[in-house]
Amino acid sequence: MTDLIANRIRDNATKLALPNLHSGLEELVARAEKDSMGYLELIDLILDEEVGVREGRKFRHMLRASRLPHHKTIDEFDFTFQPGLDKRKVRDLATLSFIESKTNVAFLGPPGVGKTHLAVSLAVAAARAGYSILFTTLDDMIGQLTAAQAAGKLARKMLVYTRPSVLVLDEVGYLPLERNAANLMFQLVSKRYENGPILLTSNKSFKDWGEIFSDTALASAILDRVLHHCEPIAITGPSWRMRNRLAAIEPPGATGATTA
Ligand code: ADP
Ligand code: MG
């Protein structure tokens, strides 16, 4: 390859915003020569690498914008520690068809069983596939919406929570909500309903949701919309946090607890 042609390719790659071709031209050509690639294969390689760079950048951008508390994956979840949990159901969810079918997913169970971990891991998978994500706790979202309402900017703030392809709503039910807050939750759920799914976690089973939203009519209206398309996943096993704590205070083998 003459310098003249190489320089022209690099210039054009810059004009077309193809940074990988610009910086990796020699390496791409060397790979093509080494593997005796045909013309089509080389063009395919060039475009594929470029898309890979772009998608990687988009993924990193999605993760940064998502406000996820961490980026744990399903592979980091030890299913042997929760034998009651349907692993296949969770793995099916990771194929992300729930996003297109606008099906909510509710992880229900006591503290420390991995509800947030699993919700986050589905969100990470969704971000990798190019979907926009927002993570919030219910209390934080209600705080933001209440403040916006007081400032006459509710509609705009609502968009923050209704626009993302997937909303992760963590810790539903830790604190009860007064009537106006429950009403804001109802508005949010109505706007997302059949628009984009919510991945929620709660320490309360659905039958106890009446206690969270002070008004029973509002509670059932919220539940009605959440449950219409919803995959509930109850996790009833032991707390992972307690497992680590027990292991720290007792000598190995003394707990008799499950070791995974
Ligand atoms: P929850 O939201 O149910 O209270 P978390 O998802 O926050 O629980 O889990 C608490 C901690 O334990 C997190 O660091 C999480 O990654 C870890 N954890 C929970 N369950 C598992 C598991 N089965 N395998 C690996 N890590 C787990
Ligand atoms: Mg949690």
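These legends walk through a few close-up views of a predicted model.

**View 1. The largest pocket in the predicted model.** This pocket has a volume of about 480 Å³. Its lining takes in 21 residues, and the ones closest to the centre are Gly112, Gly114, Lys115, His117 and Arg241. If you like to find your way by helices and strands, look for α6 (115-128), β3 (166-172) and α12 (240-249), the elements that each give two or more residues to the lining. The largest share, three residues, comes from α6. As for chemistry, the lining splits into seven nonpolar, seven polar and seven charged residues.

**View 2. Ligand 1 at home in the pocket.** What fills the largest pocket? The space is taken by ligand 1. Two elements, α6 and α12, give two or more residues each to the shell around the ligand. Here again α6 provides the largest share, with three residues. The shell as a whole has 14 residues, and those that come nearest to ligand 1 are Lys72, Asp78, Gly112, Thr116 and His117. Sorted by class, the shell holds five nonpolar, four polar and five charged residues.

**View 3. Polar contacts with the oxygen atoms of ligand 1.** Start with the side chain of His117, where an N or O atom is 2.7 Å from an oxygen atom of the ligand. Next comes Lys72, which also uses its side chain: an N or O atom there is 2.8 Å from an oxygen atom of ligand 1. Gly114 joins in through its backbone, with an N or O atom lying 3.1 Å from a ligand oxygen. How much of ligand 1 does the protein cover? On its own the ligand has 560 Å² of accessible area, and the protein covers 88% of that.

**View 4. A cavity lined by 13 residues.** Now for an enclosed space: the model has one cavity of 30 Å³ or more. About 90 Å³ of space lies inside this largest cavity. Among its 13 lining residues, Asn104, Arg192, Tyr193, Glu194 and Arg225 lie nearest the centre. The helices to look for are α9 (179-192) and α11 (216-228), as these elements give two or more residues each to the lining. Which classes of residue make up this lining? There are five nonpolar, four polar and four charged residues.

Note on methods. Residues numbered from 1 in each chain as written. Chains lettered and ligands numbered in written order. Predicted model: local features only at pLDDT ≥ 70, side-chain atom pairs only at ≥ 80, totals over all residues. Heavy atoms only, no water. 1 Å grid on protein atoms, 1.4 Å probe; cavity = no way out; pocket = protein on both sides within 12 Å on 5 of 7 lines; lining within 4 Å. Points joined across faces, edges and corners; volume = space filled by probe spheres on them. Helix = DSSP H or I, 4+ residues; strand = E, 2+ residues; numbered from the N terminus. Nonpolar A, V, L, I, M, F, W, Y, C, P; charged D, E, K, R; others polar. Near = heavy atom within 4 Å. Polar contact = N/O pair within 3.5 Å; in protein donor to acceptor, adjacent residues only side chain to side chain. Areas by Shrake-Rupley, 256 points an atom, 1.4 Å probe, with all protein chains shown as cover. Sits in = over half its atoms within 2 Å of the grid points.
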